[in-house]
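This report covers pockets and helix packing in one protein model. Please have the sequence and the structure open while reading.

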Amino acid sequence: MSEETKEEVVHESDNKIAPEATAPATDGTATAPAPQSPHKGFLGKVDNFFGITKSGSKYRVEIVAGLTTFMAMVYILMVNAGMFQLVIGGNDPYGASYIATAIGAIVGTLLMAFFAKMPLAQASGMGVNAFICFTLCAEGVGLTYANCMVFTLLDGVIFLLLTATGLRQKIFEAIPAGVRHAIPVGIGLFIAFIGMQNAGLVVDSDTLVTFVSFNILSAKVTYGGIIAPLVALLGVIAIAIMSKWNVKGSILWGILGSAALYYILAGLGCAWQDGTCLKIFKDIGAEFSFNPFDAFAAWGNDAVGQVFVNGFNFDTYFAIEGHNAGTLVVLLLTTALSLCMIDMFDTIGTLYGACAKGNLLDEKGVPIRMNKMLLSDAIATCTGAIAGTSTVTTFVESSAGVAAGGKTGFTALVTAACFIVAMFLSPIAKLIPSAATATALIWVGVLMMTSVTKVNWEDAGEAIVAFLTFIVMVLGYSISHGIGIGIITYILVKLCTGKVKEISIATWIIGVLFLATFLLT
């Protein structure tokens, strides 16, 4: 099935079971009875509930698959916490975000386990977290962290309604192909750019940004100053090498290895009395706590429920000149659209990719229990917003667990259990430097670039739409602006080439909303 077809299919197959749930009859004319569980008692009940034996799987396989998925995606706890600590506030913003991220992942993955009964896991999506932290909370926009949780909650409610009513088909049809293909590319580049900034690989200059200098002969370059960018660069290359060798959890090992290298190099710098290196260990000694419950306390004070406590207070937004109720409404509508589009494209693409790997598609090529998985995503997003984290979505890293043999919700249950344990490891996670987590951001950017091949570069109209979409995201430092420019460009191209009839009413509405955003906010 082509990617284009995958994006537009909206069939539901909630009541279907995996193709391997029944064995073909020997005469080829009937279906043999599904295999019965070899287990008795509690294990037998669990087996029957998840359909482990019926799907042709085993407990051992499901457990290994769940652990594999966790290893592949646990990096999100550190990366998301590193992002949101910049906007949450309070005494321990990292700890607060770490717990919020873990809770979003646990709830979303448990929904996949018990409601959808699929071997997939969820957590705060890469891309949406960057959109919130570096676009919506950016200087000049005027939105607070709590305000953004309102937007996230609205995204979840909208996605819930779209899923329940089937209206998501209209959204897919309204988004031009060039924009659909460019969104993941732009988000990938945007995330990678943030990672390079966090690690100091790109720095301010007269040309706005430039690559960091490693010139050890320059008086401006210090040993301590090049540790972070060097570690990030070597770390992302290490992740690529491990991925090439199919090492499970390569991103996690890349982050941990980069962290170890960072402290080794910083330790050498301390021996040479380098000021930057000495400060690294001094700060750790002053701030580090072995008590994992400190993070829970910070979460309780500064994250959970903020969507209701301070989320509807837009005084900071209105304090900026030119902002009023009208501009807030336009911002609300376009932001909700952007969040919803990012969430839907990310989720749908992941579900098809992961389920195809495990032969978890129905006879029409649609993932089984599709509607339940989408509902799980929407409910988890609403829950995540209340907990204090960005949109929760199905992780593409779930494919690792499916490839390891996971076929049922028991795989997701194992992954969720691992996240519960990880909640109490925030003191250790806090030791991971931004240079190490930057490796994950840059690598995710690499992975998301694959969609660029789906753009029809021979078609000048689609090419300019796709190009402007992702280039504005990166250089304009705004995911929503990139989507808006792409849709407006699509409308103009169709108008000027005599193909106005190809523009749907929904596309017109979305285009007008984004145009209002550019003109009024």
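The text below takes the two pockets in turn and then two helix pairs.

The model is predicted.

**Pockets**

The volume of the largest pocket is about 1400 Å³. Its lining has 45 residues, and Thr-350, Val-396, Glu-397, Ser-399 and Leu-447 are the closest to the centre. Several elements each supply at least two residues of this lining, including α1 (3-8), α3 (59-73), α9 (177-199), α11 (250-271), β6 (392-394) and α18 (398-403). The element that gives the most is α16, with ten residues.

The second largest pocket has a volume of about 840 Å³. Of its 31 lining residues, Gln-85, Lys-430, Ile-432, Pro-433 and Ser-434 are the closest to the centre. Two or more residues each come from α4 (75-84), α5 (93-116), α10 (223-244), α11, α12 (275-287) and α21. The largest share here is the six residues of α12. Both α11 and α21 are on the list for the largest pocket and on the list for the second largest pocket.

The table gives the lining of each pocket by residue class.

| Pocket | Nonpolar | Polar | Charged |
|---|---|---|---|
| Largest pocket | 21 residues | 15 residues | nine residues |
| Second largest pocket | 18 residues | eight residues | five residues |

**Helix pairs**

Helices α4 and α5, which contribute to the lining of the second largest pocket, also pack against each other. Their axes come within 8 Å and cross at roughly 135°. An angle of this kind falls in none of the parallel, antiparallel or perpendicular ranges, and α4 and α5 are therefore oblique to each other. The crossing of α4 past α5 is right-handed. On the α4 side the contact is made by Ile-76, Leu-77, Met-78, Asn-80, Ala-81, Gly-82 and Phe-84, and on the α5 side by Tyr-94, Ser-97, Tyr-98, Thr-101 and Ala-102. This contact has eight nonpolar and four polar residues, and no charged residues.

Helix α9, one of the elements lining the largest pocket, packs with α22 (residues 460-475) at an angle of about 25°, the axes being 8 Å apart. Angles under 35 degrees count as roughly parallel, so α9 and α22 are roughly parallel to each other. Their crossing is right-handed. Residues of α9 in the contact include Gly-178, His-181, Phe-190 and Phe-193, and those of α22 include Glu-462, Thr-469, Phe-470 and Met-473. By class, the α9 and α22 contact has 13 nonpolar residues, four polar residues and one charged residue.

How values were computed:
Residues numbered from 1 in each chain as written. Predicted model: local features only at pLDDT ≥ 70, side-chain atom pairs only at ≥ 80, totals over all residues. Heavy atoms only, no water. 1 Å grid on protein atoms, 1.4 Å probe; cavity = no way out; pocket = protein on both sides within 12 Å on 5 of 7 lines; lining within 4 Å. Points joined across faces, edges and corners; volume = space filled by probe spheres on them. Helix = DSSP H or I, 4+ residues; strand = E, 2+ residues; numbered from the N terminus. Nonpolar A, V, L, I, M, F, W, Y, C, P; charged D, E, K, R; others polar. Axes fitted to C-alpha atoms, helices over the stretch in contact; angles between N-to-C directions. Parallel < 35°, antiparallel > 145°, perpendicular 65-115°, else oblique. Left-handed = near helix turned anticlockwise from the far one by under 90°. Contact = heavy atoms within 4.5 Å.
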